[in-house]
Amino acid sequence: MMLQEFSAWFVWIIPLIASFFIPLIGKYSEKARNYFVIAIAAIVSMLALSLVPSVWSGDGQAVTYTISWLPSLSGGSPLTAGVYIDPLSVLFTCLVAFFALIITIYSQGYMKGETGLTRYYYLLLLFIGSMIGLVLADNMLQMFIFWEMVGLCSYTLISFWYKKPESIQSGVKVFLMTRIGDIMLLAAIGLLFWMFGTFSFRGTIAGIETAAVAGDLNTGLLVITAFLVLGGAVAKSAQFPLFTWLYSAMEAPTSISALLHAATMVKAGIYLLSRFILIFATAPALILALQPYWFPAITWIGAITAFIGATLALTTTDIKGVLAYSTISQIGFMMAGLGAAAHGGFIGEGWFGGIFHMVSHAFFEGLGFLLAGGIIHAIGTRDMRLMGGLRKAMPISFALMIIMIITTSGLPPFASFFSKGIILTSVSEIATTAGLIQTVLLFVTAALTFAYCIRMFTLVFMGRKSEHLQSLQIHEAPKIMLAPALILAFFCIIWGLSEPLVASFLHFETAGLLAAFTGIEFPIFIALLIPIGIFAYFSYYKGFNAIRNVAQTNNPLSTLLRHAYFVDDLYAAIAKGLAKISEALTRIENTLFGRYVDELGVKIGDAAKPDKALILKQEHSSNYRNYLAAAVLGFILIVILIILTLGVVV
């Protein structure tokens, strides 16, 4: 237990502290800085792995270690900070730590020669420590702090090339859109604290259990809280309707894109939902209350997002864009699995399927990004229309891409075949019309996944070289970039077969590997893939231009896909409307209150330093008016929120 406690604390503390040494080391030696980052990532990986034995041999119950953190405002027990060790948190910790090591090694090749690498590695370690701190946090307030740190690190890393306007714009877009979910999550945490008087997961679970036994569990308010938690997960994991930021995040270095998509930021939402499903499952009555609306909402969001992501991946010409939309789609599968997790008053296989696919996706999407980085590194473009015929010049990348394509498409016996199979089975068992529609959407999405994978593979590696490539001396990616990709390819092959071991680690019972081949979903899946694969092959390799002709014409479908379902256009219209309302309110405020603010400024200036204060007032009186208006409106908003909260509570 001493080793477990030590590892659980230092697995996230070490990278956080080490990040502050990066500028100092980098000032004296770039080589020492690079070795230092790799050493820290290796130490973090070993600490994460050391948590596995005790959790595996345990009974699945959480173990916590806490220290005093903040004094209580009410004079009660002080607020604690701590670590929460259970199979779910340790699985996520190992995944983040593993990819931390993979990406730090890969970055030595991909980022070589870039300026600002000290800043890059500082933020990378801060990002890793924050994400591990998030999944191991003992309480919701501590988790939320790390949740925000992950958001800050992602913003700065996406904007790494800050001299490019599109990088800054993308970083700001990501930061603002994810804040929507952050506000909702904070509201959920506040409601849970109001109900149970604690931020800790253990305390919340105990409060739910006690209230359920006593028969006074406020299921109505908990359902509201659950929807707020869902809002936080939707924004962080780029699900419909807040999915558009993930494509913009492709302006980050490809190494960071791999880390963001495979193991960190976008997986935080999946962790959040998985954690709260376990918390809610402590009271069967609460699961029953959530089953009519909350769980179906998760499944609908997942199924719709999976379909949208796949259709957009089928039309974009950006190789990183295909992987970005693929990530959106695959996380939709995870969400659908989590939404199909409720069966009566207990949690079914859908929960395990979502988690298992989360790790499967980390391997095959991480592999895709590492290979894309090698291709971009070699030819200097992300546009697949300027590629083609790379199979001879990049044979290793060609072979690894085949593994990535097979795994992403869900073909047996590679990783996602088993994880997708569990999800499809769980959703198909929803005995409602909605469940049937969701199942159809997911099967169609699985077929589209195969199509966009073949399209990407054909445009990049097959056929003849484009004119852009004719004058280039194309070479295989450096060994230091290929080695991490080979490791991920290995896990793509074996991960699916590890399903019984993962289920044992999570203390979850599953139907086993053979169930993926014996269910009705398997022949339906194969029957869909064969014609789609043939059609995509002839369209993009044999010159049958049906799909290209449809995409190039100005028909409603191509327009819809070109504008990404007009989601960003809708947000732009809303922003313009709010800006006009703000301008109108400002004019009204200036008319009604401006004179009084000016007089107040004169009086304050006369009472203090008349000569300086008067000048300050004359130069910035409009700012004073804005501050006063903001204070007044803020006070009114707080009063309204208090009234609404009291109304909800009553």
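Let's start where two helices touch: in this predicted model, Phe-127, Met-131, Leu-134 and Val-135 of helix α6 meet Met-265, Lys-267, Ala-268 and Tyr-271 of helix α13. Sorted by class, this contact has 7 nonpolar residues, 1 charged residue and no polar ones.

How do the two helices lie against each other? Two packed helices are described by the angle between their axes and the distance between the axes. Here, the axes of α6 (residues 117-136) and α13 (residues 265-280) come within 11 Å and cross at roughly 5°. Angles under 35 degrees count as roughly parallel, which means that α6 is roughly parallel to α13.

Now follow one residue of α6 outward. Setting aside neighbours within four places in sequence, Leu-134 is in contact with Ala-268 and Tyr-271, and also with Met-143, Phe-146, Trp-147 and Val-150. Leu-134 also belongs to the largest nonpolar core, which has 195 residues. Together with Trp-294, Trp-351, Ile-375 and Met-456, Leu-134 is among the members that touch the most others in this core. Helix α17 (residues 349-379) supplies the largest share of the core, with 18 residues. Apart from this core lies another one of 16 residues, including Ala-306, Ala-336, Ala-340 and Leu-424.

Finally, step back to see the whole chain. Its 650 residues, 53% of which count as buried, include 29 helices and 4 strands. Take the contacts between residues at least 6 apart in sequence: 81% of these join residues at least 24 apart. And what about the outside? The accessible surface comes to about 27,500 Å², and carbon and sulfur atoms account for 70% of it.

Note on methods. Residues numbered from 1 in each chain as written. Predicted model: local features only at pLDDT ≥ 70, side-chain atom pairs only at ≥ 80, totals over all residues. Heavy atoms only, no water. Core = buried A, V, L, I, M, F, W, Y, C linked by side-chain atoms within 4.5 Å. Buried < 20%, exposed > 50% of the residue type's maximum accessible area, 1.4 Å probe, protein only. Helix = DSSP H or I, 4+ residues; strand = E, 2+ residues; numbered from the N terminus. Contact = heavy atoms within 4.5 Å. Areas by Shrake-Rupley, 256 points an atom, 1.4 Å probe, with all protein chains shown as cover. Axes fitted to C-alpha atoms, helices over the stretch in contact; angles between N-to-C directions. Parallel < 35°, antiparallel > 145°, perpendicular 65-115°, else oblique. Nonpolar A, V, L, I, M, F, W, Y, C, P; charged D, E, K, R; others polar.
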